[in-house]
Amino acid sequence: MQIGVVGLGRMGANIARRLMRAEHSAVVWDASDAAVQALGRDGATSASGLADLVGQLSGTPRAVWVMLPHGKITEDTIAALGGMLREGDIIIDGGNTYYKDDVRRGKALAAKGIRYLDVGTSGGVWGLARGYCLMIGGDADAVKHLDPIFSALAPGIGTIERTPGREGRDARPEQGYIHAGPVGAGHFVKMIHNGIEYGMMQAMAEGFDILRNRNSDSLPEGERFDLNMGDIAEAWRRGSVVTSWLLDLTADALAKDEKLDAFSGEVEDSGEGRWTVEAAIEEAVPADVLAASLFTRFRSRQAHTFAEKILSAMRFGFGGHVEPSGKK
């Protein structure tokens, strides 16, 4: 299957590569000529702009995957594509867009007969090798048409033990992707996923901070422990209740540098945590942990602790997120 990919950053380029590895064809464009040329060397068809990309797509319906930062650049790109594509064609937004913007865009494009899918995409810089967990919102027929694309991007069942009681149910979730519902549902589910991620990261970061500070001079001498953070993380990875990919990334960072001197502890937030808390307020749902983890990120920009270095290390590990200070 052929697909256009707009935006060849940390995730967009690897989405195109993973699709090509599965023998799909990609027509690609990015504002960076170097990024376009790099994908061209890997087998993609290079485009000189949006109009050229659309013009090189054949078959019906045509589909374009937009993988750009949320905000004006995504808004402008989707509006431009909406003026170039025909009735029945499909625009996919795979970035971290606010779900209410999806609902608005979907209605505007539907008036032109163009179908819009919002795809929450999780996998970060590891998606090429591990696959991407996909949360899809939009028209069921469009989702069904693009199932070969989603199936190729998803991680598959792999070595994860199957969940008892799922026999006879939709097989896609076991493969790592779901059709969550109508337009907006995909990014809403991904937004809550990222809000949960904030809370999980914060709990782990605080735990390691408590472990590290057990050797403080302020404690009674007999109650001080000089604990090895890297060894603890490594042991916990293997059979403990808190085993997770986040713990894997933490263990990897601590093995390289137990003090995490390469990280300042200044932790950014990319929007989804704020939107998750806003949704909780709209629904009158208590979200104490998620809200607190968001506010901790705000505070980290004023003063830094070892916990924030752990957070920075995890963000760099799964997403390649670089601190504003210029450190990792």
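These legends describe close-up views of one predicted model. Local features need pLDDT of at least 70, side-chain atom pairs count only at pLDDT 80 or more, and totals for chains, interfaces and linings use all residues. Residues are numbered from 1 along each chain as its sequence is written, and side-chain values use heavy atoms, with hydrogens and water left out.

**View 1. Eight strands form an open sheet.** The strand order is 3-2-1-4-5-6-7-8, and the pairing is mixed. Strands here are DSSP runs of E with at least two residues, helices are runs of H or I with at least four, and both are numbered from the N terminus. Two strands pair if DSSP finds at least two bridges between them. Strand 3 (45-46) and strand 8 (177-181) are the edge strands. Each of these pairs on one side only.

**View 2. Strand 7 pairs with strand 6 and with strand 8.** Strand 6 covers residues 115-122 and strand 7 covers residues 133-137. These two run antiparallel and share five bridges. Gly-120 has Met-135 of strand 7 as its bridge partner. Ser-122 is likewise matched with Cys-133 of strand 7. Toward strand 8 the sense is parallel, with four bridges. There, Leu-134 has Tyr-177 of strand 8 as its bridge partner. Strand 7 is mostly covered, since four of its five residues are buried. Buried means under 20% relative accessible area, exposed means over 50%, and partly exposed lies in between (1.4 Å probe, protein chains only).

**View 3. Helix 4 lies across four strands of the model.** The strands are strand 1 (2-6), strand 4 (63-66), strand 5 (90-93) and strand 6. Helix 4 runs at about 175° to strand 5. Axes are lines fitted to C-alpha atoms, for helices over the stretch in contact, and angles run from 0 to 180 degrees between N-to-C directions.

**View 4. Glu-75 and Arg-104 form a salt bridge.** Their closest N and O atoms are 2.8 Å apart. Glu-75 sits in helix 4 (residues 72-82) and Arg-104 in helix 5 (residues 99-110), so the pair ties together parts that are 29 residues apart in sequence. A salt bridge here is a side-chain nitrogen of Lys or Arg within 4 Å of a carboxyl oxygen of Asp or Glu. Glu-75 is partly exposed, at 24% relative accessible area. Arg-104 is also partly exposed, at 41%.

Arg-104 has a salt bridge with Asp-101 too, with closest N and O atoms 3.1 Å apart. Asp-101 and Arg-104 both lie in helix 5, three residues apart, about one turn of the helix. Asp-101 is partly exposed, with a relative accessible area of 25%. A network of salt bridges links Glu-75, Asp-93, Asp-101, Arg-104 and Arg-105. The structure holds 20 salt bridges.

**View 5. Arg-237 and Asp-248 meet in a salt bridge.** The N to O distance is 2.8 Å. Arg-237 lies in the loop between helix 11 (229-236) and helix 12 (245-256), and Asp-248 lies in helix 12, so the pair ties together parts that are 11 residues apart in sequence. Arg-237 is partly exposed, at 27% relative accessibility. Asp-248 is partly exposed, with a relative accessible area of 27%.

**View 6. Helix 10 packs against helix 14.** Helix 10 covers residues 185-212 and helix 14 covers residues 288-300. Their axes are 8 Å apart, at an angle of about 75°. Helix 10 is therefore roughly perpendicular to helix 14. Angles of 65 to 115 degrees count as roughly perpendicular, under 35 as roughly parallel, over 145 as roughly antiparallel, and the rest as oblique. Among the contact residues of helix 10 are Gly-195, Ile-196 and Tyr-198. Helix 14 contributes residues including Val-289, Leu-290 and Arg-297. Contact means heavy atoms within 4.5 Å.

**View 7. Helix 1 is largely enclosed by the rest of the structure.** Helix 1 covers residues 12-21, and eight of its 10 residues are buried. Among them are Gly-12, Asn-14, Arg-18 and Met-20. Just after helix 1, Glu-23 takes a positive phi of about 70°.

**View 8. Ser-312 is placed in helix 15 (residues 306-319).** Ser-312 counts as buried, at 3% relative accessibility. Ser-312 touches Phe-263, Gly-265, Glu-266, Val-267 and Glu-323, not counting residues up to four places away in sequence.
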